[in-house]
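Let's look at a structure together and ask what its labels rest on. Here it is.

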Amino acid sequence: MFKKNSESRTAYMMIAPAVLIILGLGIFPVGYSIWLSFNKVNPLSFDLDFIGLENYAQILSNAKFWQSIGITLYFCAVSIALQIVLGIMVSMLLNQKFVGRGLVRALILLPWAVPTIVNANLWNWILNSNYGILNRLLMKAGLISEGIPWLSDGKLALNMIILADTWRMLPLVVIMLLAGLQTVSQSVLEATIVDGAGRWKRFWCVYFPVLKPMLLVILVLRTIQAIRVFDIIYVLTKGGPANKTMVISFYSYFETFNYLNYGKGSAIAMIIAVLTLILALVYFRMLKTND
Amino acid sequence: MKTRTSRKIKKTAATVLLYLAVIIVLLWTMGPLLWMAVSSIMPGREMLESGTRILPSAVTLERYAVIFGIDGQATQQALVFRRSILNSVIVAGVSTLFSIVFGSVAAYAFSRLMFKGKKALLFVAMFFQLLPPISLLVPYYIMGSRTGMVGHIITLIIIDTNFILAYVIWVMNGYYKSIPRDLEEAGRIDGCTRFGVFWRIIVPTAAPGFVAVGALSFLMAWDEFLYALVFSQSDSAKTIPVAVSEFSTKYGVDYGMMMTSGVVATIIPLLLALFFQRYIVSGLTSGAVKE
């Protein structure tokens, strides 16, 4: 068998290329970014001028930053709640026996295959206030007489972005939950049916405990994904109308490339990284306890 | 006491409701996708005509001809888009290949061998898989600008490799753990080295895992937008998401081309999702729940 010493040497050899890449392209840039966030960066020469915590002080005292935090939280909370509730409903539905179930299960994954930017363009077209299909259908049904400006109304825009995001991401949640449902014990299920337990009770007593670990994973993973939402905002609203869809990632991008404030952009990015780090630690813990 | 007929009615009603729900889910899933396809062949004037027309009166393939240069009069945008398909195939293909090669070897060490700092390194890999791209954008941009690497697809390949690599390590680590150790013991007794065991026994056994991770990695790189937006500022370096986004932002809005380019950009991921569905589902779920 192998000796301990040679085992760890083999291990280091095997991980060396990957570790070098992650070191050079991950850890070093993070360190550099932290350093940048303490500086004022000249946008042309990239010369640095150390200003300590000034960038952070400016950000934390800016109402726009807190607004973007609020919008990001709203986006995360509503889109994830919606996707989890709909995900449970659809996966329970697709777990029933019906004709063509295999085909439906294959089709359900398709929206997830649509690239994010294409999805954004697609919903831009669907939600167009003058010619979009949604307004056309609503008009045809006689529900409205004039097109609704879905994306330029401050109250609607963020919710429409959540709708577009949900269309694309729901399949992921459904597929993961369906995998979880396969592990529901048939004998337990039959026992509750014999007991005459109602649907609702059956869900909470049989399905929910099985789905719980998967739901927790989805919750954390989707939160981390939702925090980074950028692409869809870039195409649909660019943070508008009146900053009503200015999520934190877009805010950082805007500070960096519109105002050429690289130091400040870095500082916002580091705040996002810390939030992600906390969630990643939670996730790591969770996987441990799942074992 | 329920009579037999009322029970029968109840059962029929449940079946009708079940199929109704399935139809609603199908409409929600397929509707936007089909609308994208229909819009791509809809005559331009009918797209921008007020009223409540839903389906086109005629079919036009003009936009596809423009994109693929069949009528010989491709616009500048169409040329950029055509080039972007090639760029995306290269970027996604090469970064997936690198990540799988380096990542699968490293993941083996993580899953089977004992060495110092294993847990910490595994957490670092996971953290970089979860870190929002915006967090590293500024340092990458400054490093790239200083070394003259902005505007080349090689830069995108390097950046994407870093992110996908972390993902591959994370998922393959979980996958290897599900392979019984007895298999390897046999190889070791036969006198294989660690690497020999990995190459002759683990790699063939883990083939489905490689398919899953490979397909998902390719999709991730295909979908990547933020870095591509910043690093592909020259027409020759644009990837599909960037080229697609420009149909709606840079040159004014052309919904017809937005939908046509969207269809083209969706074909490869859609086929991947359909053909490798079972692998993709296992790749999505196995990495997420098992440590």
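Q: How many residues of chain B are in contact with chain A, and what makes it a contact?
A: Chain B has 104 residues in contact with 103 residues of chain A. Contact means heavy atoms within 4.5 Å. Before we go on, this is a predicted model, where local features need pLDDT of at least 70, side-chain atom pairs count only at pLDDT 80 or more, and totals for chains, interfaces and linings use all residues. Residues are numbered from 1 along each chain as its sequence is written, chains are lettered from A and ligands numbered from 1 in the order in which they are written, and side-chain values use heavy atoms, with hydrogens and water left out.

Q: What area do chain B and chain A bury between them?
A: About 9,300 Å², with 78% of it on carbon and sulfur atoms. Buried area is the accessible area (1.4 Å probe) that two parts lose on being put together, summed over both. On the chain B side, Trp28(B), Leu130(B) and Ile134(B) lose the most area to chain A, together 7% of what that side buries.

Q: Why is α8(A) called roughly perpendicular to α1(B)?
A: The axes of helix α8 (residues 157-181) of chain A and helix α1 (residues 4-40) of chain B cross at roughly 110 degrees and come within 10 Å. Angles of 65 to 115 degrees count as roughly perpendicular (under 35 is roughly parallel, over 145 roughly antiparallel, the rest oblique), so α8(A) and α1(B) get that label. The axes are lines fitted to C-alpha atoms, for helices over the stretch in contact, and angles run from 0 to 180 degrees between N-to-C directions. The helices themselves are DSSP runs (H or I, at least four residues), numbered from the N terminus.

Q: Which residues of α8(A) and α1(B) meet?
A: Leu163(A), Thr166(A), Trp167(A) and Leu170(A) meet Trp28(B), Thr29(B), Pro32(B) and Leu33(B). By class, that contact has six nonpolar, two polar and no charged residues. Here Ala, Val, Leu, Ile, Met, Phe, Trp, Tyr, Cys and Pro count as nonpolar, Asp, Glu, Lys and Arg as charged, and the others, Gly among them, as polar.

Q: How do you know that Asp223(B) and Arg168(A) meet in a salt bridge?
A: Their side chains come to 3.4 Å, N to O. A salt bridge needs a side-chain nitrogen of Lys or Arg within 4 Å of a carboxyl oxygen of Asp or Glu, so the pair qualifies. Across the interface of chain B and chain A, the rule finds one salt bridge.

Q: What makes Arg222(A) and Asp165(A) a salt bridge too?
A: Their closest N and O atoms are 3.2 Å apart, so this pair passes as well. Arg222(A) sits in helix α10 (residues 199-227) and Asp165(A) in helix α8 of chain A, 57 residues apart.

Methods
Helix = DSSP H or I, 4+ residues; strand = E, 2+ residues; numbered from the N terminus.
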